[in-house]
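Work through these exercises with the structure open beside you. Try each task before you read its solution.

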Amino acid sequence: MIPLDRPDLLISDAFIAGGWHRTDRAFPVTNPSTGAKLTDVADCTRDDVRRAISAAAPAQKVWARCTAKERAGILRRWFDLIVDHADDLAAILTAEMGKPLAEARGEILYGASFVEWFSEEAKRIYGETIPGHHEDKRLMVIRQPVGVVGAITPWNFPNAMITRKVAPALAAGCAILVKPATETPLSALALAKLAEQAGLPRGLLSVLPSTDSVGVGLEFTENPTIRKISFTGSTNVGRILMRNGADQIKKLSLELGGNAPFIVFDDADLDAAVEGCVTSKFRNAGQTCVCTNRIYVQDAVYDAFVERLSKAVSSLQVGDGFLEGCAVGPLVSHSAMDKVRAHIDDAVEKGGTVVLGGAPHDLGGTFFQPTVLRDATPQMAVAKEETFGPLAPVFRFSTLEEVVEAANDTEFGLASYVYSRDLSRVWRMMEELEYGMVGVNTGLISTEVAPFGGIKQSGLGREGSRHGIEDYLEMKYCCLAL
Ligand code: ADP
């Protein structure tokens with residue numbers, strides 16, 4: 001069992017329309033580090049989802065009429081409770097997902113920051129007046145909540161991917177239903193418990209763990225009361241939701257896969273670049289959508305970079321997330337292991353050389369050795385697909401034009417990273433990289449104050465920042481004749 005100050009935060013019931021419910025069926029949630037079962041969680045059916053939607057609709061109408069200050073106050077109380085219980089929430093997160101406890105705590109505070117931010121933004125949903133086109137016409141724009149929202153979230157950030165959607169939705173005056181990832185429903189349920197304690201009115205938030213992802217997705221796309229879907233996950237599932245949502249022209253926010261390039265020019269501070277690369281590549285064992293996937297290093301510093309990167313990576317401690325000093329936890333599943341292994345095998349077959357790691361870890365289970373591979377080429381699978389694991393392939397380049405072309409040669413466009421101290425190089429890269437986000441001389445870019453999101457097949461919409469609330473608002477133009 002997980003030692004908690006508040007054992008009532010470890011919940012196995014679903015949160016449907018403001019009540020805690022057991023369902024006829026349940027499914028096990030396991031610790032990926034040990035394989036041990038944590039609990040059996042309620043398995044919601046499509047009928048449960050319908051029930052939650054029916055309750056959300058009237059609750060949303062009342063909520064939308066509250067003052068922004070009232071909504072903000074409840075969100076602020078929720079934020080305070082999350083921070084007060086950060087240690088418990090982090091322990092639940094590490095237990096169900098495997099990431100190191102310090103990283104889990106970081107995620108809880110990062111997740112909470114969205115609740116704080118949007119509690120503030122709730123008060124700034126401004127409209128506008130427009131100088132009229134006729135002397136007796138007065139024009140204005142008001143912004144109103146879209147209504148009831150369906151959210152589907154992934155396992156790699158079991159807390160933050162939920163607050164990043166729920167907080168702006170509630171701030172805007174929407175109601176929201178969340179289907180958390182089947183692997184990690186416990187963090188979502190604990191968040192709901194604290195939202196309830198913060199005084200969130202019944203029906204505005206439901207958390208619906210379910211093994212029937214397809215059924216929940218179909219209910220979200222086919223039920224006309226759901227006016228918008230916000231999804232974070234794979235590009236394939238994003239595509240399915242978009243296709244199924246087409247009949248009702250469903251509004252969509254999609255945060256999908258990436259294939260992040262990490263580019264090191266020969267004038268870069270190499271130690272800083274190595275440090276940024278390790279953070280960006282090995283955070284969450286390489287399982288984030290903004291994790292570096294391809295490392296491009298300019299000729300003159302290629303060997304030095306590979307050597308320093310390997311040295312830095314060799315000091316990363318792999319182990320159970322609850323172990324002091326652990327930097328890399330287990331992968332989420334055996335199929336995740338298979339993908340890392342397949343990418344390494346394919347790269348070696350095509351001329352790559354494993355400099356460090358390259359195999360499952362002695363710890364067994366789904367632990368994999370942090371791996372550095374040199375002489376990567378565009379023909380390798382890792383150049384095209386997101387590995388989502390602890391593999392750092394290093395490609396070589398000569399010119400800026402060449403690296404821009406290689407970096408942009410992907411259907412994805414989420415995060416990218418550049419290391420250089422030459423201002424004109426930096427500026428050109430910021431403009432020419434076809435990505436929604438560019439980190440310059442840093443491997444960590446995520447913050448609630450900036451717009452997170454991708455272009456091309458990495459998604460639609462932005463989360464966080466003053467733009468993040470837009471996804472939950474409709475614009476209404478009013479024309480008043482005097
Ligand atoms: P990942 O590879 O990160 O698990 P997925 O896109 O498969 O990415 O999963 C992200 C979320 O989407 C999870 O909550 C999962 O249960 C859900 N999901 C998976 N398949 C579907 C589907 N066909 N329709 C709706 N949601 C789905």
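The exercises below deal with a predicted model.

**Exercise 1. The ligand shell**

Task: Find how many residues surround the ligand, and which helix gives the most to the shell.

Solution.
- Step 1. Count the shell. The ligand is surrounded by 14 residues.
- Step 2. Pick out the closest. These are Ser 213, Gly 217, Gly 233, Ser 234 and Val 237.
- Step 3. Look for helices. Helix H7 (213–222) and helix H8 (235–245) each contribute at least two residues to the shell.
- Step 4. Find the top contributor. H7 gives the most, with three residues.
- Step 5. Sort by class. The shell holds seven nonpolar, six polar and one charged residues.

**Exercise 2. A sheet of three strands**

Task: Give the strand order of the three-stranded sheet, and explain why one side of S5 and of S20 is left without a neighbour.

Solution.
- Step 1. Read the order. The open sheet runs S5-S6-S20, and its pairing is antiparallel.
- Step 2. Look at the edges. Strand S5 (128–130) and strand S20 (473–481) each have a single partner strand, so one side of each has no neighbour in the sheet.
- Step 3. Check the twist. On average, neighbouring strands of this sheet are turned by 25° against each other, direction ignored.
- Step 4. Take the pair S5 and S6. Three bridges join S5 to strand S6 (residues 137–145). Glu 128 stands opposite Val 141 in S6.
- Step 5. Take the pair S6 and S20. These strands pair over nine bridges, in the antiparallel sense. Lys 137 has Ala 481 in S20 as its bridge partner.
- Step 6. Ask how well S20 is covered. S20 is hardly covered: among its nine residues, the count of buried ones is zero.

**Exercise 3. One residue in strand S6**

Task: Decide whether Ile 142 is buried, partly exposed or exposed.

Solution.
- Step 1. Locate the residue. Ile 142 is in strand S6.
- Step 2. Recall the cut-offs. Buried needs 20 or more other C-beta atoms within 10 Å, and exposed means 12 or fewer.
- Step 3. Apply them. Ile 142 has 14 C-beta neighbours inside 10 Å, so Ile 142 counts as partly exposed.
- Step 4. List contacts. Leaving out residues up to four places away in sequence, Ile 142 touches Gly 127, Lys 476 and Cys 478.
- Step 5. Try a long distance. Val 372 is 230 residues apart from Ile 142 along the chain, and their C-alpha atoms are separated by 53 Å.

**Exercise 4. What the UniProt record marks**

Task: Which residue does UniProt list for "active site", and is that residue buried or exposed?

Solution.
- Step 1. Read the record. UniProt, in an unreviewed entry, lists Glu 255 for "active site".
- Step 2. Place the residue. Glu 255 is in strand S11 (residues 251–255).
- Step 3. Count neighbours. There are 27 C-beta neighbours inside 10 Å, so Glu 255 counts as buried.
- Step 4. Name the contacts. Beyond residues up to four places away in sequence, Glu 255 touches Thr 232, Gly 453, Gly 454, Gly 459 and Glu 463.
- Step 5. Find the domain. The unreviewed UniProt entry places "domain: Aldehyde dehydrogenase" at residues 24–477.
- Step 6. Describe that span. Its end C-alpha atoms lie 47 Å apart, and the span is 40% helix and 20% strand.

**Exercise 5. Positive phi**

Task: Where are Asn 441 and Ser 465 placed, and what is phi for each?

Solution.
- Step 1. Recall the general rule. Most residues other than glycine have a negative phi.
- Step 2. Take Asn 441. Its phi is near 60°, a positive value. Asn 441 is in the loop between strand S18 (437–440) and strand S19 (459–460).
- Step 3. Judge its cover. Asn 441 has 15 other C-beta atoms within 10 Å, so Asn 441 is partly exposed.
- Step 4. Take Ser 465. Its phi is near 70°, also positive. Ser 465 is in the loop between S19 and S20.
- Step 5. Judge its cover. Ser 465 has 18 C-beta neighbours inside 10 Å and counts as partly exposed.

**Exercise 6. A sheet of seven strands**

Task: Which strands stand at the edges of the seven-stranded sheet?

Solution.
- Step 1. Write the order. The open sheet runs S14-S15-S16-S13-S12-S17-S18, with mixed pairing.
- Step 2. Name the edges. Strand S14 (353–356) and S18 each pair on one side only.
- Step 3. Examine one pair. Strand S12 (residues 260–264) and strand S13 (residues 292–298) are parallel and share five bridges. Phe 262 stands opposite Ile 295 in S13.

Definitions and conventions
Residues numbered from 1 in each chain as written. Predicted model: local features only at pLDDT ≥ 70, side-chain atom pairs only at ≥ 80, totals over all residues. Near = placed C-beta within 6 Å. Helix = DSSP H or I, 4+ residues; strand = E, 2+ residues; numbered from the N terminus. Nonpolar A, V, L, I, M, F, W, Y, C, P; charged D, E, K, R; others polar. Pairing = 2+ DSSP bridges. Axes fitted to C-alpha atoms, helices over the stretch in contact; angles between N-to-C directions. UniProt positions renumbered as here; feature names shortened; annotations may be inferred. Contact = placed C-beta atoms within 7 Å.
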